[in-house]
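Please open the model in your viewer and have a selection tool ready. The stops below are meant to be followed in order.

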Amino acid sequence: MRPLHATLTFPEPLRDKARGIRAAIFDVDGVLTDGTLYISEAGETLKAFHALDGHGLKLLAQGGITPIVITGRDSPAVRRRLADLGVKHAVFGAHDKLAVATPLLAELGVGWHELAVMGDDWPDLPLLARAGFAIAPANAHPEVKAIADHVSALQGGQGAAREACDLLLWATGRYDALLHGHLQTLDTTAEGARR
């Protein structure tokens with residue numbers, strides 16, 4: 001088997017800023033998707049999600065950082081995607097994201113300084129301004145980019161959320177263990193159990 005060494009890295013000041021993150025809030029439109037809304041004649045909204053972003057949310061949870069989704073819209077597509085990913089904390093149709101985030105964080109026992117937020121537009125600004133670590137995709141509005149601790153080189157819906165997850169796992173020292181954990185398969189585990 002080839003040796004596997006983590007190659008991912010970010011600027012060191014980001015590690016210091018994000019080291020204590022315990023939860024991360026993600027917007028949907030423009031962050032987990034590219035922001036394009038496809039609306040059928042029947043009124044059904046279709047959205048495209050990137051598989052890398054979805055796996056990033058799963059890894060975040062495996063690494064002990066609680067993924068949270070707060071979105072201003074509600075749709076069966078988003079609910080289905082988050083259910084498939086096992087995201088347990090989500091708020092749909094939130095017109096005031098701060099009003100719904102505050103009690104959710106209290107319920108989870110997470111302070112604002114322990115929270116990362118990834119958003120792309122003005123409705124996300126109240127969360128981004130309070131978060132311990134603020135992240136924006138490349139396609140974010142200029143006012144969002146201006147207050148972000150990290151602006152991804154990637155677009156929303158095109159791997160930007162995965163980059164954010166990787167960054168948080170790297171900063172909290174969990175990235176390497178998760179990477180190497182992917183070298184184990186059920187077959188390897190079963191074979192080891194038989195020995």
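The tour goes from the sheet to a helix lying across strands, then to a helix pair and a loop residue. Keep in mind throughout that this is a predicted model.

**Stop 1: the sheet**

Select the strands β5, β4, β1, β6, β7 and β8, which form an open sheet of 6 strands in that order, with parallel pairing. Which strands stand at the edges? They are β5 and β8 (150–151); each has a single partner strand, so one side of each has no neighbour in the sheet. Strands of a sheet pair through backbone hydrogen bonds, so showing these bonds helps in following the pairing.

**Stop 2: strand β4**

Now select residues 66–70, which make up strand β4. Is this strand largely enclosed or open? It is largely enclosed by the rest of the structure, because 4 of its 5 residues are buried; buried here means under 20% relative accessible area.

Add strand β1 (residues 23–26), which pairs with β4 in the parallel sense over 4 bridges. Pick F26 and look for its bridge partner in β4, V69.

Next add strand β5 (residues 89–91), joined to β4 by 3 bridges and running parallel to β4. Two positions are worth labelling here: I68 stands opposite H89 of β5, and I70 stands opposite V91 of β5.

**Stop 3: helix α4**

Select residues 97–108, helix α4. This helix lies across β1, β4, β5 and β6 (115–118), and runs at about 155 degrees to β4.

**Stop 4: helices α2 and α7**

Two packed helices are described by the angle between their axes and the distance between the axes. Select α2 (residues 51–62) and α7 (residues 160–171): they pack at an angle of about 25 degrees, and their axes are 7 Å apart. That angle makes α2 roughly parallel to α7, since angles under 35 degrees count as such. The crossing of α2 past α7 is left-handed.

Which residues make the contact? Show side chains for L52, D53, H55, G56, L57, L59 and L60 on α2, and for A160, A161, R162, C165, L168 and L169 on α7. By type, the residues of this contact are 9 nonpolar, 2 polar and 2 charged.

**Stop 5: A48**

Finish at A48, in the loop between β3 (45–46) and α2. A48 is partly exposed, with a relative accessible area of 48%. Leaving aside residues up to four places away in sequence, A48 touches L32 and T33. Then pick Q158: its C-alpha is 9.7 Å from that of A48, although the two are 110 residues apart in sequence.

Technical notes. Residues numbered from 1 in each chain as written. Predicted model: local features only at pLDDT ≥ 70, side-chain atom pairs only at ≥ 80, totals over all residues. Heavy atoms only, no water. Axes fitted to C-alpha atoms, helices over the stretch in contact; angles between N-to-C directions. Parallel < 35°, antiparallel > 145°, perpendicular 65-115°, else oblique. Left-handed = near helix turned anticlockwise from the far one by under 90°. Contact = heavy atoms within 4.5 Å. Nonpolar A, V, L, I, M, F, W, Y, C, P; charged D, E, K, R; others polar. Buried < 20%, exposed > 50% of the residue type's maximum accessible area, 1.4 Å probe, protein only. Pairing = 2+ DSSP bridges.
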